[in-house]
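This report covers the surroundings of a bound ligand and some backbone features of the chain.

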Amino acid sequence: MDYENMLSDRVKLIKPSGIRKFFDLASQMEGVISLGVGEPDFTTPWAIREAAIYSIEKGRTFYTANRGLLELRKEICNYYKKRFQVSYHPEKECIVTVGGSEGIDIAIRSIINPGDEMIVLDPGYVAYAPGVELAGGVPVAINLRHEDQFKLTPDLLKAAITPKTKAILLNYPSNPTGGFMTKEDYEKIVPILKETGIIILSDEIYAEISYEEEFCSIASFDEIKDQVIIVSGFSKAHAMTGWRLGYILSNSVLSSAMCKIHQYVIMSAPSPAQYGAIEGLRHCQEEVMKMRDSYRTRRNFLVKTFNDMGLETFKPLGAFYVFPCIQSTGLSSDEFCEKLLEDQKVACVPGTAFGPAGEGFIRVSYAYSIEELKIATEKIKIFVDKMKSR
Ligand SMILES: Cc1ncc(COP(=O)(O)O)c(C=O)c1O
């Protein structure tokens, strides 16, 4: 039987993640130091783990409400209000999801009809364009520019909008670039978004990992708040990747539509994780800030180290990635990462894994200890010197 032929056209259309492809290569080698994974190296704060364990001990092992425990939704809404000055109703405007990943998927599926265009930023997180394609939509890429520090500018936005544009997907602080939009940056694009009335899917999963500047949620602009769907979660700020817990906030019409998909496909997010997250939002802000401070120290180290070795690297204001420009080595992003792996056994991700506009860059995650970063960058320097002296 030719099972390839049995696959749906949409699944055939999407390509496997460029990150995975690269890590399959790395996993076949011994002694590799990886700076590739976007996953906190911290263990989940103990208070969260304890609350989840306690919930299991008490036998709270059932499905929760489809939208998630009301107690948790109240905490999420309180948190967004207190921290980012945006209000949502816990009963009608919040859904607890299986990671930000589910939130992205059901948000796209609830708004995209076949042929609708959805703007995605390039370089951008690997799940966005395939998510749009799986929904039958057409991802339209905006090529962000290094000289703008990968911010979305009004000229780029205007040029991408067509009569078929249904929505735009934003992600600041950004994976993979570390790019950041301040309130002033948003002020320049908000009038365009308001005028066109398109939906704004804002992936704010790195909000707490913001350094010099205050994080600004695009939903805090009252004039477009109703157009915004916020996706966020506990994976990054609370170091809870394996717990699979996220949430979406939006107006009640969009929220009900997303909840329809969620109730059939997921039913409800894992209940121990939900009990843990309540504790996380109530009592773990100090630990979240400590982790953020540690990421900042590592960022400072990497930005200096890469610039010193001649790879131009701007200082990202958020998330835990740097995005050095490797053009001076004369290698493409793919060649750089493959040769670096072969030569020095250090794994980074080619910028092209995040879209064609990532050519000329590599993504380096600093969700690793400073000791590991020191060893890895010494090896990268040896490799870069070798390439430059060819
Ligand atoms: C920008 C961005 N959004 C969403 C996700 C998915 O996170 P989650 O673990 O909450 O599904 C990631 C994970 O790397 C990410 O980088």
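A polar contact is here a pair of N or O atoms within 3.5 Å. The model is predicted, and the distances below are computed from it.

**Ligand contacts**

By that cut-off, a polar backbone atom of Gly100 pairs with an oxygen atom of the ligand at 2.6 Å. Two side chains also place a polar atom within reach of a ligand oxygen: Ser101 at 2.5 Å and Asn175 at 2.8 Å. The table lists these pairs.

| Residue | Atom on the protein side | Distance to a ligand oxygen atom |
|---|---|---|
| Gly100 | polar backbone atom | 2.6 Å |
| Ser101 | N or O atom in the side chain | 2.5 Å |
| Asn175 | polar side-chain atom | 2.8 Å |

On its own the ligand has 400 Å² of accessible area, and the protein covers 92% of this. The site of the ligand is the second largest pocket.

**The shell around the ligand**

The ligand is surrounded by 14 residues, of which Gly100, Ser101, Asp203, Ser235 and Lys236 are the closest. By residue class, the shell consists of five nonpolar, six polar and three charged residues. Helix α5, which spans residues 99-111, contributes the most to this shell, with four residues.

**Backbone features**

Most peptide bonds are trans, and most residues other than glycine have a negative phi. The following places depart from this pattern.

The peptide bond between Asn175 and Pro176 is cis, with omega at about 20°. Pro176 belongs to the loop that links β5 (165-170) to α8 (183-196). Asn175 is also the residue whose side chain has a polar atom 2.8 Å from a ligand oxygen.

A cis bond also runs from Asp122 to Pro123, where omega is near 0°. Pro123 is found in the loop between β3 (117-122) and α6 (128-134).

Phe150 is not a glycine, yet its phi is positive, at about 60°. Phe150 is located in the loop between β4 (138-143) and α7 (154-160).

**Annotated domain**

An unreviewed UniProt entry assigns residues 31-380 the feature "domain: Aminotransferase class I/classII large". Across residues 31-380, helix accounts for 41% of the chain and strand for 14%. The C-alpha atoms at the two ends of this range are 15 Å apart.

Key: Residues numbered from 1 in each chain as written. Predicted model: local features only at pLDDT ≥ 70, side-chain atom pairs only at ≥ 80, totals over all residues. Heavy atoms only, no water. Near = heavy atom within 4 Å. Polar contact = N/O pair within 3.5 Å; in protein donor to acceptor, adjacent residues only side chain to side chain. Areas by Shrake-Rupley, 256 points an atom, 1.4 Å probe, with all protein chains shown as cover. 1 Å grid on protein atoms, 1.4 Å probe; cavity = no way out; pocket = protein on both sides within 12 Å on 5 of 7 lines; lining within 4 Å. Sits in = over half its atoms within 2 Å of the grid points. Nonpolar A, V, L, I, M, F, W, Y, C, P; charged D, E, K, R; others polar. UniProt positions renumbered as here; feature names shortened; annotations may be inferred.
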